[in-house]
Amino acid sequence: MVRPTAAQLTVPLSRAKDLTPLASILHVLGTRTRLESLQLLTQGPRVTADLPARTDELHMLEEIGVVSSRRVEKQQLLWSLEPEALVRVACCLAAFERE
């Protein structure tokens with residue numbers, strides 16, 4: 001999956017040459033477990049076991065830049081929300097709504 005750039009997420013959709021980044025984002029955010037995981041991460045970092053999404057789903061969120069992970073133990077990842085990325089996604093969706 002191609003990680004969208006900030007520039008791609010701020011171009012109005014009517015002027016976007018390629019909607020692939022937005023489609024990727026909507027696909028990744030389009031499941032209940034991933035959205036619930038994002039909601040939990042708004043309260044602070046959490047380990048994989050404390051999130052409803054599977055590890056592969058969390059890696060999908062990481063690929064589009066809305067979360068990041070770091071290893072805290074041999075078999076444990078700590079996940080954090082990337083608020084700037086969520087702001088870019090929200091701005092992109094708001095531009096779509098205005099059109």
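**Note on a salt-bridge network, a serine and a nonpolar core**

1. In this predicted model, E57 and R34 form a salt bridge in which the closest N and O atoms are 3.3 Å apart. E57 belongs to helix α4 (residues 55-63) and R34 to helix α3 (residues 32-41), so this pair ties together parts of the chain that are 23 residues apart in sequence.

2. The surroundings of the two partners deserve a remark, since the pair is charged. E57 has a relative accessibility of 6% and R34 has one of 7%, and because the cut-off for burial is under 20%, E57 counts as buried and R34 counts as buried as well. As a general matter, side chains of opposite charge can pair when their charged atoms come close.

3. A search of the whole structure returns four salt bridges, and two further ones involve R54. The side chain of R54 meets that of D56, with an N to O distance of 3.0 Å, and the side chain of R54 also meets that of E57, where the N to O distance is 4.0 Å. Through shared partners, these salt bridges join R34, R54, D56 and E57 into one network. Within that network, D56 has a relative accessibility of 41% and therefore counts as partly exposed, whereas E57 counts as buried at 6%.

4. Helix α3 also carries S37, which at 0% relative accessibility counts as buried. The side chain of S37 reaches the backbone nitrogen of A53 at a distance of 3.1 Å. When neighbours within four places in sequence are left aside, S37 is in contact with L51, P52, A53 and L58, so that A53 appears both as a contact of S37 and as the residue whose backbone nitrogen the serine side chain reaches.

5. Turning to the nonpolar part of the structure, the largest nonpolar core has 18 residues, and those with the most contacts inside it are L29, L38, L61, V66, V67 and W79. The elements that give two or more residues to this core are α2 (20-29), α3, α4, β3 (76-81) and α5 (83-98). Helices α3 and α4 are thus named among these contributors, and they are also the helices that hold R34 and E57 respectively.

6. Which residues does L61 touch, not counting those up to four places away in sequence? They are V28, L29, R34, L38, V66 and V67. Among them, L29, L38, V66 and V67 are listed, together with L61, as residues with the most contacts inside the core, while R34 is the residue that forms the salt bridge with E57.

Conventions
Residues numbered from 1 in each chain as written. Predicted model: local features only at pLDDT ≥ 70, side-chain atom pairs only at ≥ 80, totals over all residues. Heavy atoms only, no water. Helix = DSSP H or I, 4+ residues; strand = E, 2+ residues; numbered from the N terminus. Buried < 20%, exposed > 50% of the residue type's maximum accessible area, 1.4 Å probe, protein only. Core = buried A, V, L, I, M, F, W, Y, C linked by side-chain atoms within 4.5 Å. Contact = heavy atoms within 4.5 Å. Polar contact = N/O pair within 3.5 Å; in protein donor to acceptor, adjacent residues only side chain to side chain.
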